[in-house]
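Trainee: I should like to work through this model one question at a time. Where may we begin?

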Amino acid sequence: MPVRSNLFGAQSGSPVLVRSAKILTEVIIGVIAVVALLAGLTIWRLSSGPLSVDFLTPYLERSFADNERGLTLDVGKTVLTWGGKGRTLDLRARDARILNPDGSTLAALPEVSVSLSLTALFRGMVAATEIDVINARVTLVREADGHFALATGGTPEEATIGGTEPELSAILPALIDLFTRDPRRGRPLDYLNVVRVVDGQLIVIDHRLNTIWFAPDARMELRRHEHGVAAFMNLQVAVGPETASANLAILFDQPKQIITVAARVAGFHADAVAAVAPVPEALSGFHVPLDANVQATLTPQGELTVANFN
């Protein structure tokens, strides 16, 4: 009977084959053990505090430079940190500033979480695909004629309202401009697809109703879209002594030059709204929840053209 041999010339079941398989198994187990040990040591180190990776700072700064608008990024410190429940390892830029061409500060960002593109890394480029801005604020202004605009900080209300959270309104035009450009994948910023505000605030200075709407618990997202830019907001809005919720989906359709808004609001009570904004007198005495779906269309200048409620 012929003796079967494996590809290496060793007979099946021979001591050589058995010994080789045993050695290979031990090597694999050893590699797994080393990787597990290194991962455990890394997690243990990060659990005691962030790990400085400042050698990445120049790469991050270059990846966010917007040569077309002349904006640059200055990062104070780059760290690797454990993101906590619901997150994994985070690369974070701390004490970051977005600078105008003249070197003045356009926006200060105390802490930003960055997700890097593996595709860009394989091409020898450091580029972010997503960034999360932690504990920031966005301020909108509704003018007396109904137009909406981003706050500029030029009015007393804008200069004094809110707390110490960094204001992002000034950089939103640059982000919208970036997301409406054709992503040529030749520049680091072309890889950026999502910007979020986590644990943030939204403030609306409403000159038409002569009141200020405040959402102290806000999650906002700006995302690149095939037709332009999409935005999503999950808000808890303070209305007098109560809190209501609002979820919004907004799309800026660049080819059509229109902004569409779909919103779901719940938990607004007529008497609570009456305490902070003018409403029909007949509603001011009723503690009745007002839930609604809202669809609206606006011009890029913030002028309301269509609105439907149900």
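Mentor: Let us begin with a definition: a charge is taken to sit over a ring if NZ of Lys or CZ of Arg is within 6 Å of the ring centre and within 35 degrees of the ring normal. The model is predicted, so that local features need a pLDDT of at least 70 and side-chain atom pairs count only at pLDDT 80 or more, whereas totals for chains, interfaces and linings use all residues. Residues are numbered from 1 along each chain as its sequence is written, and side-chain values use heavy atoms, with hydrogens and water left out.

Trainee: At what distance from the ring centre of Tyr59 does Arg62 lie?

Mentor: The definition just given applies to this pair. Arg62 lies over the face of Tyr59, and its distance from the ring centre is 5.0 Å.

Trainee: What is the average pLDDT of the protein chain?

Mentor: The pLDDT is the predictor's confidence in each residue, on a scale from 0 to 100. In the protein chain, 70% of the residues score at least 70, and the average is 77.

Trainee: Which element has the lowest mean pLDDT?

Mentor: Elements are DSSP runs numbered from the N terminus: helices (H or I) need at least four residues and strands (E) at least two. The protein chain holds 6 helices and 15 strands. Strand β2 (residues 72-74) has the highest mean pLDDT, 92, while the lowest, 49, belongs to helix α4 (residues 156-160).

Trainee: Over which residues is the pLDDT below 50, in a stretch with 4 contacts beyond near neighbours in sequence?

Mentor: A contact means heavy atoms within 4.5 Å. The stretch with 4 such contacts in the model, and with pLDDT below 50, is residues 6-10.

Trainee: How many bridges join β11 and β12?

Mentor: Two strands pair if DSSP finds at least two bridges between them. Strand β10 (residues 211-225) pairs with strand β11 (residues 228-239) in the antiparallel sense over 10 bridges, and these two strands form a hairpin with 2 residues between them. Within that pairing, Arg223 has Ala230 in β11 as its bridge partner. β11 also pairs with strand β12 (residues 242-253), again antiparallel, and the number of bridges there is 12.

Trainee: Which residue of β12 is the bridge partner of Val229?

Mentor: Val229 has its partner in β12, a strand that pairs with β11 in the antiparallel sense. The partner is Phe252.

Trainee: Which element gives the largest share of the largest nonpolar core?

Mentor: A nonpolar core is a set of buried Ala, Val, Leu, Ile, Met, Phe, Trp, Tyr and Cys residues joined through side-chain atoms within 4.5 Å; buried means under 20% relative accessible area, exposed over 50%, and partly exposed in between, with a 1.4 Å probe and protein chains only. The largest core has 43 residues, and Ile131, Leu168, Leu192, Leu202 and Leu235 have the most contacts inside it. Elements giving two or more residues to it include β4 (89-99), β5 (105-116) and α5 (172-179). The largest share, 6 residues, comes from β11.

Trainee: How many residues does the other core, the one with Phe252 and Val261, contain?

Mentor: This core lies apart from the largest one, and Ala296 and Leu298 are also among its members. Its number of residues is 5.

Trainee: What relative accessibility does Asp199 have?

Mentor: Most residues other than glycine have a negative phi. Asp199, in strand β9, has a positive phi of about 55° although it is not a glycine. Asn135, in the loop between β6 and β7, likewise has a positive phi of about 55° and counts as partly exposed at 40%. Asp199 counts as exposed because its relative accessibility is 52%.

Trainee: How far apart in space are Met125 and Arg62, C-alpha to C-alpha?

Mentor: Met125 lies in the loop between α3 and β6 and touches Ala120, Gly186, Arg187, Pro188 and Tyr191, not counting residues up to four places away in sequence. Met125 and Arg62 are 63 residues apart in sequence, and their separation in space is 9.9 Å.

Trainee: Is Phe309 buried or exposed?

Mentor: Phe309 belongs to strand β15 (residues 304-309) and touches Asn293 and Val294, not counting residues up to four places away in sequence. Because its relative accessible area is 64%, Phe309 is exposed.
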